[in-house]
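Colleague: Could we go through the ligand site and then the pocket?

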Amino acid sequence: MRRGILSLLAVGVLATGGLTACGDDKAADPGSGGNAKKPKIGVILPDSKSSARWETADRKYLEAAFKTAGVDYDIQNAQNDKAAFQTIAEQMITGGVNVLMIVNLDSGTGKAVLDKAKAAGVATIDYDRLTLGGSAAYYVSFDNVAVGKLQGEGLVKCLTDAKATKPVIAELNGSQTDNNATLFKQGYDGVLKAKYDSAEYVKGPDQWVAEWDNTTAGTVFEQMLTSTPNIAGVLAANDGLGNAAINILKKQKLNGKVPVTGQDATVQGLQNILNGDQCMTVYKAVKQEADAAAKLAIGLAKGEKGATSQKVTDPEGKREVDAVLLTPKSITKDNVKDVVDDGYVTVAELCTGDFAAKCATAGIK
Ligand code: BGC
């Protein structure tokens, strides 16, 4: 690590043509106080289409936390481009960040970035998605199996309320290369398997949606509904996938009749819930996630190792990673208001046009 910092400094000195002595370990080591390197945190977000959250919530809350702490930061979005992800990381490393926080696009390319950062003496944090086989100092996320469990339980509740008998369930999973999607599935399959095993429910089509792509999800779900027209419940892993399924259901006038789940409490997902087209979403208080990650990042940038109370196991790297895992919350028509009260979405965003009356009925003002 020490050598990495020094070589990075050497690059910096060469680039600026500086001639001041740089062999002083004190100047290079952020942990030694005194002449510590100025904290600078780099963040790479994954895209802006697989979920609205990355740009509307994560960026906003991270920025606010860094500003409050008065640290220098650079937040960029790779727009689902793995090559761009690497380039941004390299630019951030040479640009002098001492902490790099990433939401990987898959574990392989995430690991390449983490390894590069490590070699340059830059501390790393896996934000929201764990990089399997990676080397991040911390992992900050939600309890993602619990997210999936809420989705499974939410679907069961909606089907029970609708008095469905032997419903055929379709599963629209997230991206197979996102470890979170695997954990969500673990959570909801745990709930649904019991129902399949007892023959209360019938297992229908079950597919991953590459890169969480919403358009792909529509195509996949349309094929599902064509091959299995009696689908009676849809476990969709997030609001975007859920909305894609709802759009296909609408074509058959099945929206509102076939419960669909979601995740992220996006404006679109919440509006689908108010419309009765979506059964539930999972609210993850991203502010808590961003605040926790920012706190750890700022500590690392200053050379401190913060304490976390949890650990997760990286099954591929076979290592324990210090973690912060927050608690998700289930949202149905009855408590959409809670998301607004928490400041995650505003009345102005949610209660537009026809939704004004629906918001009023749901006690949102
Ligand atoms: C996140 C979800 C998000 C999905 C697609 C997952 O890793 O945890 O909140 O909906 O990626 O961006």
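Modeller: A polar contact is a pair of N or O atoms within 3.5 Å; within protein, one must be able to donate a hydrogen and the other to accept it, and residues adjacent in sequence count only if both atoms are side-chain atoms. This is a predicted model, in which local features need pLDDT of at least 70 and side-chain atom pairs pLDDT 80 or more, while totals for chains, interfaces and linings use all residues. Residues are numbered from 1 along each chain as its sequence is written, and side-chain values use heavy atoms, with hydrogens and water left out.

Colleague: How far is an oxygen atom of the ligand from an N or O atom in the side chain of Asn180?

Modeller: The side chains of Ser50 and Asp128 each have an N or O atom 2.6 Å from a ligand oxygen. For the side chain of Asn180, the corresponding distance is 2.9 Å.

Colleague: What percentage of the area that the ligand exposes when taken alone does the protein bury?

Modeller: Accessible areas come from the Shrake-Rupley method with a 1.4 Å probe, and for residues only the protein chains shown count as cover. Taken alone, the ligand exposes 310 Å², and the share of this that the protein buries is 100%.

Colleague: Which residues are the closest to the ligand?

Modeller: A residue is near a molecule or strand if one of its heavy atoms lies within 4 Å of it. The ligand is surrounded by 14 residues. The closest are Ser50, Asp128, Arg129, Asp178 and Asp264.
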